[in-house]
Amino acid sequence: MTRSMDKIVALCKRRGFIFQNSEIYGGQNGFWDYGPLGTELKRNVRDVWYQDMILAHNELLQDAGAPSTYQMVGLESAIVMHPQVWKCSGHYDLFHDMMVDCRACKGRFRQDHMADTPCPLKPSKTVGEHKTCELTEPREFNLMMKTIIGALGTEEDAAYLRPETAQGIFVNFRNVVDSSRVKLPFGICQVGKSFRNEITPRNFTFRSREFEQMEIEFFCHPDQSRDWYTYWRDRRYNWYLNLGISKDHLILRDHDAEELAHYSVGTADIEYAFPFLGEGEYGELEGIAHRGDFDLRSHQEGKLSKNQDGELEVERTAEGQPKYRGSGKDLTYFDDQSRERFLPHVIEPSAGADRGTLAFLCDAYFEDQQPDEKGKMQERIVMRFHPRIAPVKVAVFPLTKKDGMPERAAALFGEIKQAGLSCQYDQQGRIGRRYRRQDEIGTPFCLTVDDETATDNCVTLRDRDTLEQERIPVDRVTDEILQRLKA
Ligand code: ATP
């Protein structure tokens with residue numbers, strides 16, 4: 001089976017995973033809406049991330065591969081932050097892509113994507129190929145979305161929607177240390193919306209203008225930072241594998257020295273073989289970066305840049321003043337064991353919730369053939385989501401209207417929902433059709449309440465992947481499913 005993006009996008013619309021934003025008005029490029037199933041799917045991606053990274057993390061035990069024990073806490077900062085944040089972080093000056101306009105078709109293109117961007121004029125294939133193409137010189141285009149705060153509406157009231165959640169963590173570093181008794185090493189985690197005015201949003205939700213990130217800023221002693229970098233790189237890669245992403249589709253790619261940001265000692269990307277890419281090509285799901293003390297130092301002292309010797313120092317104007325002044329607040333950490341004061345180093349695993357969701361969708365898509373009730377082979381689409389990610393965990397099918405069975409099925413449905421599991425009740429159509437409907441949205445478990453239930457007090461539990469069917473006592477079935485979801 002070849003995985004085709006067209007089929008996945010069609011399924012997303014047909015079954016209510018993802019819709020084009022403002023579709024009834026013709027849509028809005030770079031923005032997407034999640035339908036009822038997509039909402040559950042993406043919520044699971046976020047929740048499983050938060051559960052695995054923060055709630056289930058045991059700070060008393062040393063994790064395999066970790067240099068020591070560590071703590072993890074959460075944070076939720078505002079989307080709009082003080083404009084100085086972006087000046088000191090470097091986003092105001094440096095967060096841009098190079099764009100090229102075409103005077104003939106009025107198209108606007110990202111310079112580094114031109115080779116694989118179609119030219120709107122036919123019969124040419126890529127930008128610049130048509131004989132009437134008239135391309136401008138590349139120009140810088142800042143990706144931050146601007147907004148105006150307050151009623152006056154002057155340029156002085158300009159602010160930005162955050163292009164990443166990370167800066168909200170850095171500027172709250174002091175607050176978290178002072179208020180929550182965390183000790184180094186520790187991570188602060190945040191899930192939230194980010195905005196980038198992408199020049200060419202494309203490939204479904206992969207490159208959007210509004211998207212969600214799941215970011216960790218992990219603060220540690222400079223001497224241990226390389227070991228922590230390796231730990232987080234491997235841990236995050238394994239997280240996707242443990243949630244069912246096929247090893248054949250996922251790579252961990254270390255950046256070459258020239259690809260590294262100027263402050264970074266090491267960066268690796270976790271990349272996925274999305275079906276819209278060519279053979280052997282991968283798209284970034286998550287970046288894990290060793291950021292040194294760049295961020296805390298910038299917010300303490302002011303915007304940094306490299307001097308002639310390659311060292312970071314505060315960037316200055318011709319008059320010798322800091323170009324963008326930092327907060328002047330002391331962001332150092334005092335270790336009361338070693339009596340040492342220092343600026344912690346940072347490891348940043350930065351994941352996209354929408355790109356992750358898209359990868360889970362693409363990897364789950366399978367087509368096969370299954371016999372219907374008459375034994376005739378029928379095409380089946382089955383989304384093999386990992387049960388923790390699946391938007392619906394269980395479906396309940398009453399097969400008979402006799403002997404109070406619909407009532408028993410309804411009671412079971414209520415019990416499963418009470419246990420906090422997303423569950424659907426389906427009493428329409430033949431059993432085979434009901435199974436197909438659930439397979440197509442990736443429901444791992446289906447329960448049928450049938451004639452025999454009245455006598456043996458059991459229901460049939462059918463597994464989406466093995467297709468095995470088992471009789472389970474009604475009063476044990478919710479526990480059984482909870483057990484299987486944990487496995
Ligand atoms: P790219 O090179 O693809 O533009 P990036 O390296 O700029 O990505 P980061 O700044 O490292 O991305 O952001 C961290 C994560 O946020 C990415 O790995 C990705 O999952 C997500 N992300 C970034 N930009 C977008 C976008 N425009 N749409 C959806 N997700 C995004």
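This tour goes from the ligand and its surroundings to the cysteines. The model is predicted.

**Stop 1: the ligand shell.** Select the ligand and the residues around it. The shell holds 14 residues. Glu198, Arg207, Ser208, Glu284 and Leu285 are the closest. By class, six of the shell residues are charged, five are polar and three are nonpolar.

**Stop 2: polar side chains.** Show the side chain of Glu198. One of its N or O atoms is 2.8 Å from a nitrogen atom of the ligand. Move to Gln213. Here an N or O atom of the side chain is 3.2 Å from an oxygen atom of the ligand. Next, pick Arg355. A polar atom of its side chain lies 3.1 Å from a ligand oxygen atom. Now turn on the surface. On its own, the ligand has 590 Å² of accessible area, and the protein covers 80% of it.

**Stop 3: the strands behind the shell.** Colour strand 10 (210-220), strand 13 (283-292) and strand 18 (345-352). These are the elements that give two or more residues to the shell around the ligand. Strand 13 has the largest share, with three residues.

**Stop 4: the cysteines.** How many disulfides does the structure hold? Zero. Select Cys12, which is in no disulfide. The nearest cysteine sulfur is that of Cys362, 7.9 Å away. Cys12 is buried, with a relative accessible area of 0%.

Finish on Cys105 and Cys102. Why is there no bond between their sulfurs? The sulfur of Cys105 is 3.9 Å from that of Cys102, its closest cysteine sulfur, which is too far for a bond. The cut-off for a disulfide is a pair of cysteine sulfur atoms within 2.5 Å.

Note on methods: Residues numbered from 1 in each chain as written. Predicted model: local features only at pLDDT ≥ 70, side-chain atom pairs only at ≥ 80, totals over all residues. Heavy atoms only, no water. Buried < 20%, exposed > 50% of the residue type's maximum accessible area, 1.4 Å probe, protein only. Near = heavy atom within 4 Å. Polar contact = N/O pair within 3.5 Å; in protein donor to acceptor, adjacent residues only side chain to side chain. Areas by Shrake-Rupley, 256 points an atom, 1.4 Å probe, with all protein chains shown as cover. Helix = DSSP H or I, 4+ residues; strand = E, 2+ residues; numbered from the N terminus. Nonpolar A, V, L, I, M, F, W, Y, C, P; charged D, E, K, R; others polar.
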